[in-house]
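Work through the exercises below with the sequence and the model side by side. Each task is followed by a solution that goes step by step.

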Amino acid sequence: MYSGAAAAAGPPRRDFISVTLGPEEAVGVGGYNNSKAWRRRSCWRKWKQLSRLQRSVILFLFAFLAVCGVISYTSMGEAWKSITNKSLDEQRTEQEIPGLKLSNPAVLPAPQKADANHGDYPELSLQKPPKPPHVRRGPSNLQIKAPRRDARLNTRHDAIRAVEELVEADKVEKTEKSIISWRGAVIEPDQSTEPPSSKIKELEKPSSVEAEDQKEPVPINERQLAVIEAFRHAWKGYKDFAWGHDELKPLSKSYSEWFGLGLTLIDALDTMWILGLKEEFEEARKWVASDLVFDKNVDVNLFESTIRILGGLLSTYHLSGDSLFLEKAKDIGNRLMPAFKTPSKIPYSDVNIGRGTAHPPRWTSDSTVAEVTSVQLEFRELSRLTGDEKFQKAVDEVMKHVHTLSGKNDGLVPMFINTNSGQFTHLGVYTLGARADSYYEYLLKQWIQGGKKENELLEDYMRAIEGVKKHLLQRSEPKKLTFVGELAHGHFSAKMDHLVCFLPGTLALGAHNGLAADHMKLAEALIETCYQMYAQVETGLSPEIVHFNLRAQKGHKDVEIKPADRHNLLRPETVESLFYMYRFTGDKKYQDWGWEILQNFNRYTRVPTGGYTSINNVQNPSNPEPRDKMESFFLGETLKYMFLLFSDDIDLINLDKYVFNTEAHPLPIWVPA
Ligand code: DMJ
């Protein structure tokens, strides 16, 4: 039957394997023909030459692929829809916050809530921005809370289980986490210098939201009370004789004006919040609300007004949640922007905040390197809060430009930069003191602020610390104190500004954030030196500048002081570093050293009628020669760091959540993406 049917169908078709024609075969008479019509005809001919079986197989394959295509299109569509919905939800959450327009999170992460937790807990919820005005009032030790824990952890058993899970997760995460390598040195981003058990201990605290809300405030100790008393005394002088002006002149019971913007009051706002001085804070707030006006025909220094005013307003906004401070921050931020309109985009030093004009100092078109590279934390934060990228763009551009500049010496930068050419000037002089100091500090702190992702900043920081080790470190005689000197055209000078004493704290902060462990060793050595700059002096207070002895001489100490350098301006740097060192090591000697310094400030700089004064001669205990000026940073920085140094509450400005600007104003660390 089959053969008959086959015979009726004509000559049997032979199955064959198709052969691809080479060019020769494809070339017909008249040469190469690749026309569409020819190609279509040739395909059809080939199709016809296929056996039925082959055609069926091919058709089946096509049908199968088409079905698969339809199925995957539908499921991708679902996934796409849910992604789109999610981002819409996120946008909605952001838009619901009154007075706060948030930026695109891919560019600028959402604001960090003061008590939000990052890193330690398994479920990181979408960040909520600060609460509306006046929701977090009251003594700071009650207000600045430990991280909120997972609401489901209601029992102690749950908490213990969570701890175990976290320890496991932590182990896995540690091995998975990207390891940054810098010039062969391995940097583990999460390596911590905190006592090893501290992370776990923190988790062992009650974990439920209810328990959290009932968390007993850590009681204020005697030394902290002494700081509060000192602050109140300083504030009394300011209030009685200088209210609303820039600085108190405590002896003449008057004031001095620099920008005419109530500098001391603004610098002190977040200190009052942290110290829990509610009444004083409210009084100062009223002044900000009714009397602080930036629409003034006045020249201000870009750097000083950024770190003290913009920084102070931003941190007070974060701590208090009061939008008044954000509004004021936006106002001053906008008024400072003309400084960046220069041929090189390296900002001018001065801005007229009323006229919107900016200019360099009268005698030069140079700006100071530390100044143009130490406004970044504040402007970046302002962009994040307002959603307006212009602030961040302007300051990031400065950093990117400086990153590429020649004229550095193993990462160390000169002190001046020209606003026309954008090049370093006065090459060959390198210091960690005045005019360069906070360049180094802000490299590290911007890297931390941005979630440790901006590698150029880290690279510049690490290179600079290597430069410090190579060119500027020496040891003094007789005590062999490690100090940071200066280099001028190849000549080493054993001179060290008190300003350099920010460095041990910054190094310790870097080590806490996973940078090389030898940074911590160096920090320990340098803080000892900074302490000796106080301890070896007659009043127990450091002069502005010291020179170290490089050769042992009978009857000579490590520290020598020149007559022109023996003043003390109530500066914070050593106390600042003591605070970091205590936070990261728990070594009580740092608290004791700070306590000695506070007592000496009280002994030699306290003015009975109110206020503290800078002095002219730290070597003369019987007459330290008061200068009749209380700098705003004494309240903004020195007393704040004292209070934090004496505290045993690591959640009182937790260093994994906040980064201090160079005027001691804490700003939130952005959420890692
Ligand atoms: C402050 O204004 C800042 O700390 C700045 O970085 C350096 N000078 C003073 C304090 O000494």
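**Exercise 1. Decide whether Lys640 and Asp270 are buried or exposed, and describe the contact between them.**

Step 1. Lys640 is buried, and Asp270 is buried as well, where buried means under 20% relative accessible area, exposed means over 50%, and partly exposed covers what lies in between (1.4 Å probe, protein chains only).
Step 2. The two residues form a salt bridge in which the closest N and O atoms are 2.7 Å apart; a salt bridge is defined as a side-chain nitrogen of Lys or Arg within 4 Å of a carboxyl oxygen of Asp or Glu.
Step 3. This pair links distant parts of the chain, with Lys640 in helix H23 (residues 632-646) and Asp270 in helix H10 (residues 263-275), 370 residues apart; helices (H or I, at least four residues) and strands (E, at least two) are DSSP runs, numbered from the N terminus.
Step 4. The model is predicted, so local features need pLDDT of at least 70 and side-chain atom pairs count only at pLDDT 80 or more, whereas totals for chains, interfaces and linings use all residues. Residues are numbered from 1 along each chain as its sequence is written, and side-chain values use heavy atoms, with hydrogens and water left out.

**Exercise 2. Set out how Glu454 and Arg380 are joined, and classify the accessibility of Glu454 and of Arg380.**

Step 1. Glu454 and Arg380 form a salt bridge whose closest N and O atoms are 2.8 Å apart.
Step 2. Here too the pair links distant parts of the chain: Glu454 is in the loop between helix H17 (437-449) and helix H18 (455-472), while Arg380 is in helix H15 (residues 376-386), 74 residues apart.
Step 3. Glu454 counts as partly exposed because its relative accessibility is 24%, and Arg380 is buried because its relative accessible area is 1%.

**Exercise 3. Analyse the salt bridge between Glu477 and Lys480, and then state how many salt bridges there are by this rule.**

Step 1. The side chains of Glu477 and Lys480 meet at 2.8 Å, N to O.
Step 2. With a relative accessible area of 18%, Glu477 is buried, whereas Lys480, at 42% relative accessibility, counts as partly exposed.
Step 3. Elsewhere, Asp295, Asp331 and Arg335 are joined into one network by salt bridges that share partners.
Step 4. The count by this rule comes to 30 salt bridges.

**Exercise 4. Identify the partners of strand S17 and work out how its two faces are covered.**

Step 1. Strand S16 (residues 495-497) runs antiparallel to S17 and is joined to it by three bridges, two strands being paired if DSSP finds at least two bridges between them.
Step 2. Within this pairing, Met496 stands opposite Val546 in S17.
Step 3. S17 also pairs with strand S18 (residues 559-560), again in the antiparallel sense and over two bridges, with His547 opposite Glu560 in S18.
Step 4. In a regular strand the side chains alternate between the two faces of the sheet.
Step 5. In S17, Ile545 and His547 lie on one side and Val546 and Phe548 on the other, and as these are all buried, both faces are covered.

**Exercise 5. Determine the strand order of the open sheet that contains S9, and name its edges.**

Step 1. Three strands form the open sheet in the order S8-S9-S10, with antiparallel pairing.
Step 2. Strand S8 (366-368) and strand S10 (424-425) each have a single partner strand and stand at the edges, so one side of each is left without a neighbour in the sheet.
Step 3. Strand S9 (residues 416-418) pairs with S10 over two bridges, and the bridge partner of Phe416 in S10 is Thr425.

**Exercise 6. List the residues around the ligand and find the polar contacts of its oxygen atoms.**

Step 1. The surrounding residues are Ile307, Arg308, Leu499, Arg571, Pro572, Glu573, Phe633, Glu637, Thr662 and Glu663, chosen by having a heavy atom within 4 Å of the ligand.
Step 2. An N or O atom in the side chain of Glu573 is 2.6 Å from a ligand oxygen atom, and a polar side-chain atom of Glu663 also lies 2.6 Å from an oxygen atom of the ligand.
Step 3. From Thr662, a backbone N or O atom lies 2.7 Å from an oxygen atom of the ligand. A polar contact is a pair of N or O atoms within 3.5 Å; within protein, one must be able to donate a hydrogen and the other to accept it, and residues adjacent in sequence count only if both atoms are side-chain atoms.
Step 4. Taken alone the ligand exposes 290 Å², of which the protein buries 91%; accessible areas come from the Shrake-Rupley method with a 1.4 Å probe, and for residues only the protein chains shown count as cover.
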